[in-house]
Amino acid sequence: MVRRKGRKMGKIKKFFHQFFCKHTDADLLRWHWTHGPYGNDPLFIEAEYRCKECGKIIYLYQRGKEAHDWAKAMGDYKKA
């Protein structure tokens with residue numbers, strides 16, 4: 001019974017760590033061009049990052065000139 005309690009406490013600690021983490025230090029996992037949830041939205045970039053501190057996956061969305069400049073700078077680096 002002690003083991004179960006320990007597992008629950010570990011999950012609770014992990015949840016609060018992710019909840020209060022600022023996600024300032026993250027690694028780029030992949031990125032790609034997409035049209036959005038409805039399929040006819042304008043093009044934008046979806047970039048997927050993983051926080052180094054808590055492991056949470058974070059998504060960044062960019063549109064317009066900012067997206068084109070970002071894609072030009074990144075080239076094929078980690079493009080999905």
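In the predicted model, the side chains of Asp27 and Lys52 form a salt bridge, with an N to O distance of 3.5 Å. This pair ties together distant parts of the chain: Asp27 belongs to strand β1, Lys52 belongs to the loop between β2 and β3, and 25 residues separate them. Asp27 is partly exposed, because its relative accessibility of 36% is neither under 20% nor over 50%.

A salt bridge also joins the side chains of Glu48 and Arg30, at 3.0 Å from N to O. Here too the link is between distant parts of the chain, Glu48 being in strand β2 and Arg30 in strand β1, 18 residues apart. The two partners were assigned to separate accessibility classes. Glu48 is buried, at a relative accessible area of 11%, whereas Arg30 is partly exposed, at 42%. Apart from neighbours within four places in sequence, Glu48 contacts Asp27, Leu28, Leu29, Arg30, Ile57, Ile58 and Tyr59. Among these contacts is Arg30, the salt-bridge partner of Glu48. Asp27, another of the contacts, is the residue that pairs with Lys52.

A further salt bridge was found between Lys65 and Asp69, whose closest N and O atoms lie 3.0 Å apart. Both residues are in helix α2 (residues 64–74), and because they are four residues apart, about one helical turn separates them. Lys65 is exposed, with a relative accessibility of 62%, while Asp69 is partly exposed, at 40%. Salt bridges with shared partners connect Asp25, Asp27 and Lys52 into one network. In total, four salt bridges were counted. In general, side chains of opposite charge can pair when their charged atoms come close.

The strands named above form an open sheet. Three strands make up this sheet, in the order β1-β2-β3, and their pairing is antiparallel. Strands β1 (26–34) and β3 (57–63) are the edge strands, each paired on one side only. From one strand to the next, the twist averages 20°. Strands β1 and β2 run antiparallel and are joined by eight bridges. Between β2 (residues 44–51) and β3, the antiparallel pairing extends over seven bridges.

Individual bridge partners define the register of the strands. Glu46 in β2 stands opposite His32, and in β3 the bridge partner of Glu46 is Tyr61. Ala47 has Leu60 as its bridge partner in β3. Glu48, the residue paired with Arg30 by a salt bridge, is likewise placed in strand β2. Of the eight residues of β2, seven are buried, so this strand is largely enclosed by the rest of the structure. The burial of Glu48, at 11% relative accessible area, falls under the 20% limit.

Two residues with positive phi were examined. Gly55 has a positive phi near 85° and occurs in the hairpin of β2 and β3, where five residues lie between the strands. Lys78 also takes a positive phi, of about 55°, although this residue is not a glycine. Most residues other than glycine have a negative phi. Lys78 is located in the segment after α2 and is partly exposed, with a relative accessible area of 37%.

A nonpolar patch was identified on the surface. Met9, Ile12, Phe15, Phe16, Phe19 and Phe20 make up this patch, which covers about 660 Å². One of these residues, Ile12, lies in helix α1 (residues 2–20). The relative accessible area of Ile12 is 42%, so the residue counts as partly exposed. Membership of a patch requires over 30% relative accessible area, a limit that the 42% of Ile12 satisfies.

Definitions and conventions: Residues are numbered from 1 along each chain as its sequence is written. This is a predicted model: local features need pLDDT of at least 70, side-chain atom pairs count only at pLDDT 80 or more; totals for chains, interfaces and linings use all residues. Side-chain values use heavy atoms; hydrogens and water are left out. Two strands pair if DSSP finds at least two bridges between them. Axes are lines fitted to C-alpha atoms, for helices over the stretch in contact, and angles run from 0 to 180 degrees between N-to-C directions. Buried means under 20% relative accessible area, exposed over 50%, partly exposed in between (1.4 Å probe, protein chains only). Contact means heavy atoms within 4.5 Å. Patches are made of residues with over 30% relative accessible area and no salt bridge: like charges are joined within 9 Å, nonpolar side chains (Val, Leu, Ile, Met, Phe, Trp, Tyr) within 5 Å. Accessible areas come from the Shrake-Rupley method with a 1.4 Å probe; for residues, only the protein chains shown count as cover.
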